[in-house]
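Colleague: I'm new to this model and would love a close look at one part of it. Could you choose a strand, show me what sits around it, and then lead me outward from there?

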Amino acid sequence: MIMTYDYENFKQDVYKLTNINLSLYKERQMKRRIESLMNRKGYTAFDDYFHAMQKDPALLRSFVSYLTINVSEFYRNPKQWELFEQQIIPYMKKRFGNRFNIWSAACSTGDEPYTIAMILAKHFPLSQIHIYATDIDEDVLNFAKKGFYSARSLERLPREFLKTHFTKQSNGYQINSDIKACVEFRKHNLLEDKYPMGMHMIVCRNVVIYFTDEAKDEVYHKFNKSLVNQGILFIGSTEQIIHAKEIGFSAADSFFYQKM
């Protein structure tokens, strides 16, 4: 009897090849995304698509990039960034002093950690700012390290930041080297890899919404362990932590949670 190669087989093989566990993502949503990508690439069967990715590194990279849903822009949801500057920074300065560790998890193309660095630069010397920025997708990390962005991705950014921290070029904007030096980019898989410890703040926005409830709770538990006591978790505008107290968080403000 010939066994049919289905989505379950595809998930297992993708995990072996990429260390990305598709079983931890919301299945109907993710399967639909993958089938859409397959069709665009000219494949109708999961086995044909997987075998093609095994042979073609570029096809595999495009799959990983599409899979990780790289949607980002500078100063996304401005009200949240205003709250970060007006409420959270003074709290952290009072609680932790002038030096603290910030982790931008699933940072995509770097818009978020660079936004954090520019806001912090209004309050601290650049030499005191260090942001650990991670993503599972090596292509977006390489993009982020270059620090070159289109005018469209900077539309929401306050003009003062654009003027102070970017150099305009013919086809976009280059972020200045002093801000780039504040951010350390590393590859990291939220669902598989060990988490850094001793963080005073973790920023992870609009990412875990794609995970299953079980995977989401596991990530929040690990974030809690990663934070120092009374550290802050900053999540996205479409998210909330349902069992915050059980995980060890209390609501500090809208979209900000404090480790208890």
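Modeller: Happily; here is a walk that starts at one strand and moves out to its surroundings. Please keep in mind that this is a predicted model.

Let's begin with strand β7, which spans residues 199–203. How many of its residues are buried? Five of its five residues are buried, and the strand is mostly covered. β7 has a partner in strand β1, residues 102–105. These two strands pair in the parallel sense, over three bridges. If you want a place to put your finger, find I102, which stands opposite M201 in β7.

β7 also pairs with strand β8, residues 227–234. Here four bridges join the strands, and they too run parallel. A good landmark for this pairing is I202, whose bridge partner in β8 is L233. Now follow the chain from β7 to β8, and you will pass through helix α10, residues 213–226. Together, β7, α10 and β8 make a right-handed β-α-β unit.

Let's go back to I102, the residue opposite M201, since I102 also takes part in something else. I102 is one of the residues that line the largest cavity. The structure holds one cavity of 30 Å³ or more, and the volume of the largest cavity is about 60 Å³. Its lining includes N98, R99 and F100, along with L120 and F124, and also Q128, I129, H130 and I131. What classes of residue make up this lining? There are six nonpolar, three polar and one charged residues.

Among those lining residues, L120 leads us to a helix, α6, where L120 is one of the buried residues. Helix α6 covers residues 111–120, and 10 of its 10 residues are buried, so to speak of it as mostly covered is fair. Besides L120, the buried residues include the charged-looking start of the list, D111 and E112, followed by P113, Y114 and T115. I116, M118 and I119 are buried in α6 as well. A117 belongs to this helix too, and it counts as buried because its relative accessible area is 0%. For a sense of distance, compare A117 with D217: they are 100 residues apart in sequence and 28 Å apart in space, C-alpha to C-alpha.Next, the cysteines. How many disulfides does the model have? The count comes to zero. C107 is in no disulfide, and the nearest cysteine sulfur, that of C204, is 10 Å away. C107 counts as buried, because its relative accessibility is 2%. C182 is in no disulfide either; for C182 the nearest cysteine sulfur is that of C107, 15 Å away. C182 also counts as buried, at 2% relative accessibility.

Another open space to find is the second largest pocket, with about 230 Å³ of space. This pocket is lined by 15 residues, and those nearest its centre are T18, V64, I136, E138 and K187. Helices α1 (7–18), α4 (57–67) and α7 (138–146) are the elements that each give two or more residues to the lining. Which of them gives the largest share? That is α4, with three residues. By class, the lining of this pocket divides into five nonpolar, four polar and six charged residues.

Our last stop is a sheet. Three strands form an open sheet in the order β3-β5-β4, with antiparallel pairing. Its edge strands are β3 (148–149) and β4, each of which pairs on one side only. On one side of β5, the pairing with β3 runs over two bridges, and Y149 stands opposite Y173 in β5. β5 (residues 172–175) also pairs with β4 (residues 166–169), in the antiparallel sense and over four bridges. In that pairing, Q169 has G172 of β5 as its bridge partner. β4 and β5 form a hairpin, with two residues between them.

Key
Residues are numbered from 1 along each chain as its sequence is written. This is a predicted model: local features need pLDDT of at least 70, side-chain atom pairs count only at pLDDT 80 or more; totals for chains, interfaces and linings use all residues. Side-chain values use heavy atoms; hydrogens and water are left out. Buried means under 20% relative accessible area, exposed over 50%, partly exposed in between (1.4 Å probe, protein chains only). On a 1 Å grid over the protein atoms alone, a cavity is a set of points where a 1.4 Å probe fits but cannot get out, and a pocket is an open set with protein on both sides within 12 Å along at least five of seven lines; lining residues have an atom within 4 Å of a point. Grid points are joined across faces, edges and corners, and a volume is the space filled by probe spheres set on the points. Ala, Val, Leu, Ile, Met, Phe, Trp, Tyr, Cys and Pro count as nonpolar, Asp, Glu, Lys and Arg as charged, and the others, Gly among them, as polar. A disulfide is a pair of cysteine sulfur atoms within 2.5 Å. Two strands pair if DSSP finds at least two bridges between them. A crossover is right-handed if, with the strands pointing away from the viewer, the path from the first strand over the helix to the second runs clockwise.
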